[in-house]
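This report concerns a ligand site, a pair of strands and a salt bridge. Please consult the sequence and structure shown here.

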Amino acid sequence: MIEPLSIGKIEQEIIDDFSLFDNWEEKYEYIIDMGKKLPPLDDIHKKEENIIKGCQSTVWLVAEQKDGRIYFKADSDAVIVKGLISLLIRVLSGQTATDILETKLDFINKIGMMQHLAQTRSNGLLSMIKQMKHYALAFNTVAS
Amino acid sequence: MEAVKEKIQAYNVTALRNKFPVLNVKVNRHPLVYLDNAATTQKPESVIKALESYYKNYNANIHRGIHHLAEKATVAFEETRTEVQKFLNAAHREEIILTKGTTESINLVASSWGRKNLKENDEVIISTMEHHSNIVPWQLICEEKKAKLKVIPISDEGELDLEAFRSLLSPKTKMVSVVHVSNSLGTINPVEEIIEMAHAAGAVVLIDGAQSTAHLKIDVARMNCDFFALSAHKVYGPTGVGVLYGKKEILEEMPPYQGGGEMIGEVKFEKTTYNELPYKFEAGTPNIAGVIAFREALFFLNANNHTLIHEHEQRLLEYATKKISSVDGIRLIGTAKSKIGVISFLLNGAHPQDVGVLLDQQGIAVRTGHHCTQPLMTRLGIPGTVRASLAMYNTHEEIDLLTEALLKAKKMLL
Ligand SMILES: Cc1ncc(COP(=O)(O)O)c(C=O)c1O
């Protein structure tokens, strides 16, 4: 099995991708496109306990552990949030619990998307990152 | 047509805009188009100056000091009360209670009036289009007193069903608390009729004027409401200041809301007596700077011809409604016959939040979501809306920009 890229490497890939965009339209079109391409979560996962409630949009998140790595699946009813989710999954899914717990996800700031994590956005993204780390912590504790 | 043109000329929106410093800022490299006035309006220079001047020149606590600054601050503070009295056409200045805002004003009535007057099986009537601030305080007191909360239904267009209201009224009805203008839909409710019907049934009426005060002429004497609540920050004034108007004879019978400084007559451990109106309801040090600056907001409103403002806003509403609904896939939410400048809408196939984010990228400030009216959204079967809300300084050009931005957002999302 090939080792997946490290969190840092994937973050750099995304930063490089985003550096190609000349304006906000290209950037958001890309995110919207990613959002549309993210496979929808099966309805069975869209249950109350998987909901991360924002004030306006809803995010669903499920996680599983396989061979020491954590895999995430997520969905949202808002497409821009979904695009950002897809980036987070690209970075974090398939990583080890320790790496997930340690990362600061600097790429979000570097691609100019920090505003979407502000508390006021109320879109559930910040809570989603927290929840991803909680899963990592939980799996880590169980494993050790 | 000539007459209309003349009026448009008489309304100098550019001169007006120049009085609001924030309207010159750029957002995401675009000139700001501020269409979130139902959340809070911008402040004219005179209000900002008054805030600064208080802190720079006569900052002092009020009603207690004997020194020069305290005297000056107290006078300025009390002048606002007089100005509010005139503005609302209240009979007495002690009928004006200065609060933190509409939310506190309603909580004050629910808590104080409700504690004294509600008992088991009494009924409080609100409506489907209430802001959470006019729902939750009543739920709290009704639960405590085992009273019942009844809700006036609305039509799909967003108008109150007055026939249903009539059938809800009974000798059990003790309070009717309804919104003057809906923050989510813009509907202007026929409050005078509602008040008359409620009074005939022996009930007391509170009008939530948070959204109406900046746009309609308010005359509490003519309206004959028992309570009227408003927030200064939605009327071009500072945040953290509000008003509760109440009829003197009702306020006098009400127990204090909060205990503390200012509201007391004499404190003894055996028994405390309370101050007279309005101080009985004003415990603690208030937002002195904000209250003083609020007077400037009222001056500002009075200095502008109310009829011209209203006509300007109505013309804009009509224009915006036409422009926005001309975009394919737009569904207007709230199409009452009588409205202020609130245009709530949905874009088919797009989440309101996505539309809001893309409008923001283009410098356009709107609000998205349920606007603190979740039961209304549930009734309409929608998760929320995109809401553009107008004020006196908005322009036809800004509506054009909104429409263009909306078309762009649509192209990107769908
Ligand atoms: C109709 C209505 N009622 C009450 C409120 C609450 O006002 P405040 O937050 O200023 O207390 C608002 C504010 O959004 C409102 O629109």
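How far is an oxygen atom of the ligand from a polar backbone atom of T102(B)? The separation is 3.4 Å. The model is predicted: local features need pLDDT of at least 70, side-chain atom pairs count only at pLDDT 80 or more, and totals for chains, interfaces and linings use all residues. Residues are numbered from 1 along each chain as its sequence is written, chains are lettered from A and ligands numbered from 1 in the order in which they are written, and side-chain values use heavy atoms, without hydrogens and water.

Polar contacts (pairs of N or O atoms within 3.5 Å) to the ligand include the following.

| Ligand atom | Protein partner | Distance |
|---|---|---|
| oxygen | T102(B), polar backbone atom | 3.4 Å |
| oxygen | T103(B), side-chain N or O atom | 2.5 Å |
| nitrogen | D208(B), side-chain N or O atom | 2.6 Å |

The protein covers 86% of the 400 Å² of accessible area that the ligand has on its own (Shrake-Rupley method, 1.4 Å probe). Around the ligand are 13 residues (a heavy atom within 4 Å); T103(B), D208(B), Q211(B), S231(B) and K234(B) come nearest.

Strands β5 (residues 123–127) and β6 (residues 148–152) of chain B pair in the parallel sense over five bridges (DSSP runs of at least two residues; pairing needs at least two bridges). S127(B) has I152(B) as its bridge partner in β6(B).

A salt bridge (side-chain nitrogen of Lys or Arg within 4 Å of a carboxyl oxygen of Asp or Glu) joins E79(B) and R295(B) at 3.0 Å, N to O. These two residues are 216 residues apart.

Definitions and conventions:
Helix = DSSP H or I, 4+ residues; strand = E, 2+ residues; numbered from the N terminus. Polar contact = N/O pair within 3.5 Å; in protein donor to acceptor, adjacent residues only side chain to side chain.
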